[in-house]
Amino acid sequence: MMSYPILYCFSVLLGLLSVAPLHAYESANEIRLFGDSLFREADYYRAITEYKKFVYAYPDHPNRDSVLFSVGFSYLKGEQWDAALPYFQALSLKQRPSLSDDAQFMVAQTYLLSQKHRQAG
């Protein structure tokens, strides 16, 4: 006969398994879309968390740099200028002209918004 503590532990374990997700891993696209959804809702800090999860989980993904740009832009929209700036500065050094041009513009924009007008020029 089973003792009650063992039966209790078994039923708790069974309950936890029934609510566990069917797949624990999210695709890169799912993470990015969820981050974008949070951004559109002006939930910038949760969006940053999702974008950083993307970068951590998929370090070699071809969209990594655009997701890093989204991190910087989310910090910018959340008025965290000092946090946004390193993302844009790093991306401005990339060899992809469209990305580096956008990032350079965002460096200047960040300086302007943070009232650091001398650095913006």
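These are my notebook entries on a predicted model, covering confidence, helices, core, salt bridges and a few odd backbone angles.

**Confidence first**

I started with pLDDT, since this is a predicted model. The protein averages 84, and 74% of the residues score at least 70. I then looked for the weak part: over residues 16-24 the pLDDT is below 50. Beyond near neighbours in sequence, that stretch has 1 contact in the model. Where pLDDT is low, the predicted coordinates should not be read in detail, so I left those residues alone.

**Helix H3**

Next I checked H3, residues 44-57, for its length. With 14 residues at 1.5 Å each, a span of 20 Å is expected, and the end C-alpha atoms are indeed 20 Å apart. Which residues of H3 are buried? I got Tyr44, Ala47, Ile48, Glu50, Tyr51, Phe54 and Val55. They cover an arc of only 165 degrees around the axis, so they sit on the same side of H3. I also looked up what covers them: the list includes helix H2 (28-40) and helix H4 (64-77).

I picked Phe54 for a closer look. Leaving aside neighbours within four places in sequence, Phe54 is in contact with Ala28, Ile31, Arg32, His61, Asn63, Arg64 and Val67.

**Helix H5**

Same routine for H5, residues 81-92. H5 has 12 residues and reaches 16 Å from its first C-alpha to its last, close to the 16 Å expected at 1.5 Å a residue. Its buried residues are Ala84, Leu85, Phe88, Leu91 and Ser92. Seen down the axis of H5, these fall within an arc of 140 degrees, so they line one face of the helix. What do the buried residues of H5 pack against? The partners are H4 and helix H6 (97-113).

**The core**

In soluble globular proteins, nonpolar side chains tend to be buried together. I went looking for that here. The largest nonpolar core has 25 residues, and those with the most contacts inside it are Tyr51, Phe54, Phe69, Phe88 and Leu91. The elements that give two or more residues to this core are H2, H3, H4, H5 and H6. Tyr51 and Phe54 are on my list of buried residues of H3, while Phe88 and Leu91 are on the one for H5.

I also took a distance from Leu91. Its C-alpha and that of Ser66 are separated by 9.0 Å, with the two residues 25 apart along the chain. Ser66 lies in helix H4 and is partly exposed, with a relative accessible area of 24%.

**Salt bridges**

The count comes to 6 salt bridges. I noted several of them.

- Asp36 and Arg32 meet at 3.4 Å, N to O. They are 4 residues apart in helix H2, which means about one helical turn between them.
- Arg46 pairs with Asp43, the closest N and O atoms being 3.1 Å apart. Arg46 is partly exposed at 46% relative accessibility, and Asp43 is partly exposed at 23%.
- Asp65 pairs with Arg96, with 3.8 Å between the closest N and O atoms. Asp65 lies in helix H4 and Arg96 in the loop between H5 and H6, so the pair ties together parts that are 31 residues apart in sequence.
- Glu26, Glu50 and Lys53 are linked in a network of salt bridges.

Is each end of the Asp65–Arg96 pair buried or exposed? Asp65 counts as buried at 11% relative accessibility, whereas Arg96 is partly exposed at 40%. I also flagged Glu50, a charged member of that network that turned up among the buried residues of H3.

**Positive phi**

Last stop was the backbone. Most residues other than glycine have a negative phi. I wrote down two exceptions.

Ala42 has a positive phi of about 65 degrees although it is not a glycine. Where does Ala42 sit? It is found in the loop between H2 and H3. At 44% relative accessibility, Ala42 counts as partly exposed.

Glu79 has a positive phi too, near 60 degrees, and is likewise a residue other than glycine. Glu79 is found in the loop between H4 and H5. It is exposed, with a relative accessible area of 55%, the cut-off for exposed being over 50%.

Methods. Residues are numbered from 1 along each chain as its sequence is written. This is a predicted model: local features need pLDDT of at least 70, side-chain atom pairs count only at pLDDT 80 or more; totals for chains, interfaces and linings use all residues. Side-chain values use heavy atoms; hydrogens and water are left out. The expected span of a helix is 1.5 Å times one less than its number of residues. Buried means under 20% relative accessible area, exposed over 50%, partly exposed in between (1.4 Å probe, protein chains only). The arc is that of the directions from the helix axis to the C-beta atoms. Contact means heavy atoms within 4.5 Å. A nonpolar core is a set of buried Ala, Val, Leu, Ile, Met, Phe, Trp, Tyr and Cys residues joined through side-chain atoms within 4.5 Å. pLDDT is the predictor's confidence in each residue, from 0 to 100. A salt bridge is a side-chain nitrogen of Lys or Arg within 4 Å of a carboxyl oxygen of Asp or Glu.
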